[in-house]
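Please read the following account alongside the sequence and the coordinates. It proceeds from the overall fold to individual helices, then to the ligand shell and selected loop residues.

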Amino acid sequence: MTDDLLRFRPEFPILERTTYMISNSLGAMPRGVSDSVQEYCDTWATRGVRAWEEKWWMMAREVGDSIGAIMNAPAGSVSLQLNVTSCQAVIASCFDFSGRRKKVVYSDMNFPSVMYFWEAQRSRGARVQMVPTDDGIHVPTERLLDASDEETLLVPISHVVFRSSYINDAKAIIEKAHRVGAHVVLDTFQSLGNVPVDVQELNVDFTVGGVLKWLCGGPGTSYLYVRPDLGRKLEPKLTGWFAHENPFAFETGEIRYGDAPFRFMQGTSNVPGFYTAMPGLKIIREAGVQRIREKSKKMTARLIELADQRGWKVNAPRDPEQHGGTVAINMPNSKEVCAELLRQDVLVDWRPNAGVRFSPHFYNTMEEIDLAIHAVDEILKNMGVAAAAR
Ligand SMILES: Cc1ncc(COP(=O)(O)O)c(C=O)c1O
């Protein structure tokens with residue numbers, strides 16, 4: 001059977017030189033980024049300050065809408081931010097922790113930066129409850145649901161867990177949160193572009209993430225979706241002139257909030273990041289996340305099969321429906337194996353309590369999966385690790 005997604009392979013120059021399986025960390029750069037960045041330079045060089053009104057100001061909305069299209073967000077509901085941590089800060093600034101409803105419920109499988117941010121909100125009055133994992137792969141959904149109660153204000157949770165690629169039951173978490181009057185902040189950094197996300201179907205309050213991993217957009221651009229009814233009434237205290245109803249009036253005194261998406265922005269945005277983001281977003285939209293997901297399931301299943309054959313520990317969910325795009329494998333000497341794989345241009349990474357993380361994307365071939373695992377076999381052989389343990 002032909003793999004139609006491989007027609008995008010020539011768009012990614014690094015695939016000619018490496019076995020690129022690290023899209024959970026940094027997606028491969030699309031060839032088109034060079035032209036796009038050149039266009040940024042040319043615009044700045046030739047149009048100077050006029051670039052703001054001719055292109056750059058509205059580009060924030062344009063790029064936000066292209067990201068929004070991948071998650072079925074209505075036009076104008078996605079603002080651009082610098083990173084996911086600052087997205088949390090914008091959301092936190094829409095609420096206060098002085099009332100009875102001041103609890104923040106999250107899981108210890110969240111990305112650490114998100115944890116550090118919410119833990120730090122204790123000093124601002126938040127009551128923070130971290131729900132622990134037992135197996136290092138997932139937190140039972142029931143446990144998260146039980147933790148959300150009438151005093152819960154916010155539930156910041158990963159859609160796909162960065163450590164194990166477990167897919168949280170976002171729908172159940174959101175429904176429970178809404179029943180008790182809480183809001184969910186869904187971190188789709190490890191899902192959007194690889195696992196389908198539909199913010200309207202989920203009825204999620206906030207969705208955050210960045211473009212540099214599965215969306216192949218490079219560092220510097222993160223997104224914040226705010227459900228339109230909330231977007232009309234929330235007033236972020238982390239704000240600035242971009243959020244003003246009439247920014248160019250340069251009014252003094254208190255802000256008068258404009259509409260989303262600018263309402264959730266603050267000051268001058270990272271324009272070069274918009275240019276690097278656009279080519280990847282276009283490719284992902286053309287490829288289609290549903291098809292990417294189908295292929296991803298085949299690739300992760302193959303990785304698990306090969307690891308099982310060798311008796312290696314797989315730190316990933318076994319149900320394909322609960323598993324995103326990364327397979328963490330803890331073979332013997334996994335840290336050293338990872339270092340050697342990198343030397344051989346098989347690009348993966350290693351994390352404590354997880355092992356070597358393999359993250360193939362739509363541009364990888366099934367042959368590359370087999371080659372990567374074969375490379376591990378050879379490395380272990382050279383290390384003198386017995387075949388049974390290999
Ligand atoms: C699920 C998740 N959230 C957040 C981040 C990063 O957050 P930030 O954009 O603040 O660097 C990552 C990065 O690996 C991640 O995997």
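The protein has 12 helices and 13 strands, where helices (H or I, at least four residues) and strands (E, at least two) are DSSP runs numbered from the N terminus. The model is predicted: local features require pLDDT of at least 70 and side-chain atom pairs count only at pLDDT 80 or more, whereas totals for chains, interfaces and linings use all residues. Residue numbers start from 1 along each chain as its sequence is written.

Along its principal axes the C-alpha trace spans about 70 × 55 × 35 Å. The radius of gyration is taken over C-alpha atoms, and the globule rule is 2.2 Å times the number of residues to the power 0.38. For 390 residues a compact globule would have a radius of gyration near 21 Å, and the 22 Å of the protein agrees with this. Of the 390 residues, 47% count as buried. Here a residue is buried if 20 or more other C-beta atoms lie within 10 Å of its own, exposed if 12 or fewer, and partly exposed in between, with C-beta atoms placed from the backbone. Two residues are in contact if their C-beta atoms, placed from the backbone, lie within 7 Å. Among contacts between residues at least 6 apart in sequence, 71% join residues at least 24 apart.

Helix H2 (residues 50-70) offers a starting point for a closer view. The expected span of a helix is 1.5 Å times one less than its number of residues. For the 21 residues of H2 this gives 30 Å, and the end C-alpha atoms, 31 Å apart, agree with that value. H2 nevertheless contains a kink of about 45 degrees, centred on Met59; the bend at a residue is the angle between axes fitted to the seven residues ending there and the seven starting there. The buried residues of H2 are Trp56, Ala60, Val63, Gly64, Ser66, Ile67, Gly68 and Ile70. An α-helix has 3.6 residues a turn, so residues three or four places apart point the same way. The buried residues of H2 pack against strand E2 (78-81), strand E8 (222-226), helix H9 (271-287) and helix H10 (289-309).

Just after H2 comes Asn72, with a positive phi of about 55 degrees, although Asn72 is not a glycine. Asn72 lies in the loop between H2 and E2. Asn72 is partly exposed, because 13 other C-beta atoms lie within 10 Å.

What does H9, one of the packing partners of H2, pack against in turn? The buried residues of H9 pack against helix H1 (32-47), H2 and H10. Of the 17 residues of H9, 12 are buried, so this helix is largely enclosed by the rest of the structure. The buried set runs through Val271, Gly273, Phe274, Tyr275, Thr276, Ala277, Met278, Pro279, Gly280, Leu281, Ile283 and Ile284. From its first C-alpha to its last, H9 reaches 25 Å, close to the 24 Å expected at 1.5 Å a residue. H9 bends by about 30 degrees at Ala277, and Pro279 follows within four residues. After H9 comes Gly288, whose phi is positive, near 85 degrees. On the other side, the loop between helix H8 (228-233) and H9 holds Pro261, and the peptide bond from Ala260 to Pro261 is cis, with omega near 5 degrees.

The ligand has 13 residues around it, of which Asn83, Val84, Thr85, Phe111 and Phe162 come nearest; a residue is near if its C-beta atom, placed from the backbone, lies within 6 Å. Helix H3 (84-92) and helix H4 (112-120) each supply at least two residues of this shell. By class, the shell has five nonpolar, seven polar and one charged residues, where Ala, Val, Leu, Ile, Met, Phe, Trp, Tyr, Cys and Pro count as nonpolar, Asp, Glu, Lys and Arg as charged, and the others, Gly among them, as polar.

Two further loop residues complete the account. Gln344 is found between helix H11 (334-343) and strand E11 (346-347), and counts as partly exposed because it has 13 C-beta neighbours inside 10 Å. The C-alpha atoms of Gln344 and Thr19 are separated by 9.0 Å, although the two residues are 325 residues apart along the chain. Asn353 lies in the loop between strand E12 (349-351) and strand E13 (355-358). Asn353 is not a glycine, yet has a positive phi of about 65 degrees. With 10 other C-beta atoms within 10 Å, Asn353 is exposed.
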